[in-house]
Structures are given as structure tokens and as C-alpha cells.
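This report looks at how the parts of a protein model meet, within a chain and between chains.

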Amino acid sequence: MPQFFLNKRLIILLVSIIILVALIGFSIRDRANLSWPEKFVKDTTGWVQSLVATPTQYVVGIFENLKDLQNTYEENKELKKHLEDMARLEAEVYSLEQENAELTEVLKIEGSIGDYDPMQATVISRSPDRLWHEMIIVNKGSSHGVEKNMAVMTARGLIGKVKSTTPFTSTIQLLSALDPTNRISAALQGDKKLFGTIEGYDKENEYLLLKGLPVDAKIKKDEMVVTSGLGGVFPGDVPIGKVIEAVPDQFGLNQTAYIKPEADFYNISHVMILTRGMTIPKDVEDDKEAEESEGDDL
Amino acid sequence: MKRFLVPLLLVFLFVFEGIFTQLFPADIFNGDYIFVPRILIIAIFFLTIYASLKHGIIYGFVFGLLFDMVYTEIIGIYFFLFPLSAFLFWKLMKIIQTNIVFVSLVGLICVAFLEAAVYVMNLLIHITSMDFSSFAEIRLVPTLALNLIFVIFAAYPLKRQFEKFADVLRND
């Protein structure tokens, strides 16, 4: 036994394994906020990263523009076709909007869960540890008004949610992360609105899984899936993707739909962080806070 | 001034990994494979062999902790595995002669060890439930291929830089 304690290396290894387990345990639990050393480190590296990222993105932008020039002719033809339809659509949208505004005024409805304020942010870095951690770091943080769990989208659709914030940067977890706690309340826009949660990502086929749909619902291909806005922090009606097919789940109690995401999870350079327009009623928020503090006690 | 060159180089490589991942055309080969730049740990391996084990381990701890805080938000995995793989590398290099080709190859073997160890860790804490063969196909092999290219370009400059650093340390 004394020999065992004399073996310095073994002791160091054991102590470091204990520290490792403690640290992982500390960081893996559902934290409301990062600790201040983490915030400090993330802000400092964020500053360095944006220092390097800005000029490199400028150079990359030039090359991308050159690449775009190559197929300008084809694109132009295509766009002209769309443009003719555009004028008609615009007129229609205008009259619909007017009508909607009038009707909501008559009914005295204030706001809808579909309202949101977009905030532009630029990606300054991406986690190299891809597959396990699909995260991007953007240059807007809590001092700009970003909060944990806010929805993040590109022009094409939802890409993820804010995982953590520091004063000047925030980390966004993409929908393609394998993390099982990465869940988003979603709605399927069929003849009847169906609700489920986006849980998990199929890496091989690049599908999102929409689980918890009623077993007797008829789900058609190409139906749109949007955020439901029922989660409290996410605004509603942000496009997520289109249905590819629906299958009964493991136990046959629910259906799971495979969703092809609208947004591209690879080449992301600018994102929009969405602040929900409609505020949560005060008493609901109080309930939530009470629940949260109870949770902390446990 | 020369003393700060090595930490600065490592900080640059640390930031470079993030920006490389951001700008790398990830939809190459249909986006089926994931290429992870591991140039930082390769530089730490070279530091271990050309400067000293002590430096390798210390920088391993510091950059492991930074990597965990900034890129994964789960503190502990890289904090533990960077120094461990640097130590493993040093152990292996004691058996083999320190020829630059061997240093590079053993470095790649240790990168493979690091990747596999990170996979096992993530499996243990339920970040992933992927089986080893798909992990190897999607991430391990492409990562090794990418880092082989890195090593071919970076081995000689890294060696020269760290030998200079070792000289500075010896003169003090």
C-alpha cells in the first residue's frame, strides 16, 4: 500500500480524473448563466476572433462575389421570371395586410405570437469540435439585448437557439446538434394545425425529427413546419422546414415526421436573433420564475 | 520578445481553428464528412518534443481549458485530454527516434487517440449515441486526412520555431 501512494504519477492521474468528473458535472448541468471566468475568457477570445474574422470574411466575400458573377446570366433570366409575378404578389400582400390591420383593430387584438424584432449579428467563429458541438459564436451579446434561448434564423429559416451569452458575444446551438436536450416546440401547417417538438437530427440523411404528432393525423409531403411560439421565448411562424415523410414511432402511440430543414447549416455568415414581439403576460412570467427558483432549491 | 512568440503562435492557431471551421466549405462531399482542424494540438506535440515535456503539458492544460470554455462549453474534456495526449506522444517518442517524419506520423496517431478519447467521453456523458464505425467514417478518417495535409505544410516551420524557443530557454 505505501508503494501505491509513493507512485506520484498515479496519484496525479487519480486526482485529475476526480477534477475532470467534477468539472464536467459542473458544466453539463442546465446552467442559467455562465460563470464570470468563462464570460471573461469568451469575451476576450471573441474580441481576438472578430479582429481576425472581419478581414478574412472581407477577402472571402470578394471571392464569393467573383463566383457569383459566373452564373449571373442564368440567374438573371430566372429572376426576371419571378419578378413579373412579384408585382402581383406585392399588391395582394399589401391589400391583405391592410385588411388584417383593420380587422385586428375591430377585434381589439394586441400583437400576435408571430411578431418579432430581428437583430443582425455576424458570425465570428464556429466550434471546430463539430458533430458533437454544432455551435457558432456571433458578435452580439447580452449588452445588445440577447438572452438565452432566443430563436436564431438566417434569411431562409430557423437555424437554432442562443445557448449562452456573454456581454459582447453569444453562442448559438444549431438545430443540427446531436444534443438530446436541444428541443424546440414546432407546429405543422396542414389542414389542421398539429403541434410537436423538434427533437434530434439524423446526421446521415440530414433530417430533423418532429416527434409527438398524433397517430391518426394525416401528414402530407411538403407541408410546412414552423415554430409554434408556445414555448414562451420563441416567436411563432418562423419557418423550419418541409415534411418528407411521417412514420409511426417506436411504440405506435405517436408519429414522427422527417423534416428537411429550409436553412443551410453549413455556410452561415450572418444571422438574425429574434426578440419576441408579444410579451408574456405578467402573471405567467411570475409563475415561471417561481418554478425556476423552486427548481434551483432542489 | 522571443519568449512570447510561442504563446502568441498557439493563440493564433487556437483562433485559426475556429475561423477555419467557419470558412471551410463544409458542404464539400455533400457534407457527409466532418473535417476537424487539429493544428493546435499538433503544435503542442511538436513543442513537447522540441522544447520540453513540462512546456507541452502546461500549454496543453491552458489551451485545453480555453478550448473547453470557448468551443464546447463543457469544461473538462479537452482540459484533461490535451495534456494526456501530449504525455502519450512524449512516451511514444521515447521509443522512436526523433526524426521529423516520425514526429509527424506519431503526432497523427496521437490526434487519432485524442479524437477517439473525445468520442468516448461524449458517449459517456450522452452528448452522442453514435456507434464507433459511423464516427470513424464521418469524422475520424476525414480529420486525419485533413491534418495530414496540415502536418506536411507545418512540420518544418513548427520544428524550426520550437527549436529556437528551446535555445532561448536554455540560454536563460
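## Domain contact within chain A

In this predicted model, domain 1 and domain 2 of chain A bury about 820 Å² between them, with carbon and sulfur atoms giving 54% of that area. On the side of domain 1 of chain A, the residues that lose the most area to domain 2 are A:Lys42, A:Asp43 and A:Gln49, together 56% of what that side buries. Domain 1 covers 42–112 and domain 2 covers 116–292. Their C-alpha centres are 20 Å apart, and the contact takes 10 residues from domain 1 and 12 residues from domain 2.

Between these two domains of chain A there are zero salt bridges and five residue pairs in polar contact. The side of domain 1 that touches domain 2 has one nonpolar, six polar and three charged residues.

## Interface of chains A and B

The area buried between chain A and chain B is about 4,200 Å², and carbon and sulfur atoms give 68% of it. In chain A, A:Pro128, A:Arg130 and A:Trp132 lose the most area to chain B, together 18% of what that side buries. In residues, 50 of chain A are in contact with 48 of chain B.

## Polar links and makeup

Four salt bridges are found across the interface of chain A and chain B. In a salt bridge between A:Lys163 and B:Glu73, the N to O distance is 3.4 Å. Polar contacts between the chains come to 13 residue pairs.

Helix H3 of chain A gives the largest share of the side that touches chain B, 12 residues. By class, that side of chain A has 24 nonpolar, 13 polar and 13 charged residues.

Technical notes. Residues are numbered from 1 along each chain as its sequence is written. Chains are lettered from A and ligands numbered from 1 in the order in which they are written. This is a predicted model: local features need pLDDT of at least 70, side-chain atom pairs count only at pLDDT 80 or more; totals for chains, interfaces and linings use all residues. Side-chain values use heavy atoms; hydrogens and water are left out. Contact means heavy atoms within 4.5 Å. Buried area is the accessible area (1.4 Å probe) that two parts lose on being put together, summed over both. A salt bridge is a side-chain nitrogen of Lys or Arg within 4 Å of a carboxyl oxygen of Asp or Glu. A polar contact is a pair of N or O atoms within 3.5 Å; within protein, one must be able to donate a hydrogen and the other to accept it, and residues adjacent in sequence count only if both atoms are side-chain atoms. Helices (H or I, at least four residues) and strands (E, at least two) are DSSP runs, numbered from the N terminus. Ala, Val, Leu, Ile, Met, Phe, Trp, Tyr, Cys and Pro count as nonpolar, Asp, Glu, Lys and Arg as charged, and the others, Gly among them, as polar. Domain bounds come from an automatic or database domain assignment.
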